[in-house]
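Me: I have a chain open on my screen and would like to talk it through with you. Could you take my questions as they come?

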Amino acid sequence: PRAEDRAPLLVELGRLAELTDGPAAVTSLKAAYATLIDSDLRAEVAVILARTLVFAGQPGEATEFARAARDVVLQLQGDPDHVGALNFIGFSLADRSLDLPRAERMLTRALELAAGDGYVLDSVGWLRFRQKRFRDALALLERAARLAPAEPEILWHLGELHLAMRQPRRALAVYERARALGPEEPVRRRIEARIQALRAPR
């Protein structure tokens, strides 16, 4: 999803979820969710909380927060066809393999509304990857990378797909392209780990 789809506060909350242990992140995020008044922030904190709950081994509760996030966003905006909301939350569900049928519905609609948006194509491509529909994913992710060539996370997705398709040389080339873009943490760490593993003597 685009960076502008997140408020600055959510960037910090996302780092918290990435860098702290699961239970501590869940506690802090639940506190933020309970106290926030702004409905936009409350909805997107629910998305981050859903992700963190999956990592903490609580997928049932995660699904509840993911649904709450979508409902709040759409109720607030009064627009069930808001591409940013559909894409952001649909991608979040797909990224954690959480409620993939719901992700399918949301991202299919986002693609209908914005077929030429590289970020939406990336989200749908990543959903296809999670569904193990690799050929469909390849077409979508390659097009997304052409439309958003400065986005390292899209290249990360494409590299992961090449690995799953047993194409390590192509994967390495894509990871190196992504690294050259200067990605931020934690994407950079993931890319570096893949490059080192693929370059290691066998």
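What follows is a chat that goes from the whole chain to single helices and side chains.

Me: Before anything else, what kind of model is this, and how are the residues numbered?

Reply: It is a predicted model, in which local features need pLDDT of at least 70 and side-chain atom pairs count only at pLDDT 80 or more, while totals for chains, interfaces and linings use all residues. Residues are numbered from 1 along each chain as its sequence is written, and side-chain values use heavy atoms, with hydrogens and water left out.

Me: Ok, how many helices and strands are there?

Reply: The protein chain has eleven helices and zero strands, where helices (H or I, at least four residues) and strands (E, at least two) are DSSP runs numbered from the N terminus.

Me: And how much of the chain is buried?

Reply: Of the 202 residues in the protein chain, 45% are buried, a word that stands for under 20% relative accessible area, with exposed being over 50% and partly exposed in between (1.4 Å probe, protein chains only). The accessible surface comes to about 10,300 Å², and carbon and sulfur atoms hold 52% of that; such areas come from the Shrake-Rupley method with a 1.4 Å probe, and for residues only the protein chains shown count as cover.

Me: What share of the contacts is between residues far along the sequence, say 24 or more positions apart?

Reply: Among contacts with a separation of 6 or more, 52% are between residues 24 or more positions apart, a contact being heavy atoms within 4.5 Å.

Me: Let's go to H5. Is it enclosed or open?

Reply: Twelve of the 13 residues of H5 are buried, so H5 is largely enclosed by the rest of the structure. The buried ones include Asn87, Phe91 and Asp95. H5 covers residues 83-95, and its end C-alpha atoms are 17 Å apart, which agrees with the 18 Å that its 13 residues should span at 1.5 Å a residue; the expected span is 1.5 Å times one less than the number of residues.

Me: What comes after H5?

Reply: Ser97 follows H5, and its phi is positive, near 50°.

Me: You mentioned Asn87; which side chain makes a polar contact with it?

Reply: That is Ser123, whose side chain makes a polar contact with the side chain of Asn87 at 2.7 Å. A polar contact is a pair of N or O atoms within 3.5 Å; within protein, one must be able to donate a hydrogen and the other to accept it, and residues adjacent in sequence count only if both atoms are side-chain atoms. Ser123 lies in helix H7 and counts as buried at 0% relative accessibility. Leaving aside residues up to four places away in sequence, Ser123 touches Asn87, Phe91 and Leu107.

Me: And Asp117, where does it sit?

Reply: Asp117 is in the loop between helix H6 (100-113) and H7, and its side chain reaches the backbone nitrogen of Tyr119 at 2.8 Å. At 11% relative accessibility, Asp117 counts as buried.

Me: Changing topic, how many aromatic pairs are there?

Reply: The count comes to three aromatic pairs, with rings of Phe, Tyr and Trp (its six-membered ring) pairing if their centres lie within 6.5 Å; planes under 30 degrees apart count as stacked, over 60 as edge-to-face and the rest as tilted. The ring centres of Trp126 and Phe129 are 4.5 Å apart and their planes are at 5°, so this pair is stacked. Both residues lie in helix H7 (residues 118-130), three residues apart, about one turn of the helix.

Me: Why would residues three places apart point the same way?

Reply: An α-helix has 3.6 residues a turn, so residues three or four places apart point the same way.

Me: Are those two rings buried or exposed?

Reply: Trp126 counts as buried at 4% relative accessibility, and Phe129 is buried with a relative accessible area of 13%. Ring pairs also link Trp126, Phe129 and Phe134 into a cluster.

Me: How are Trp156 and Tyr175 arranged?

Reply: The rings of Trp156 and Tyr175 have their centres 5.6 Å apart and their planes at 45°, so the pair is tilted. This pair links distant parts of the chain, with Trp156 in helix H9 (residues 152-164) and Tyr175 in helix H10 (residues 168-180), 19 residues apart.

Me: What lies over the face of Trp156?

Reply: Arg190 does, at 4.9 Å from the ring centre; a charge sits over a ring if NZ of Lys or CZ of Arg is within 6 Å of the ring centre and within 35 degrees of the ring normal.

Me: Last one, what covers H9?

Reply: Ten of the 13 residues of H9 are buried, and what covers them includes H5, H7, helix H8 (134-147), H10 and helix H11 (187-199).
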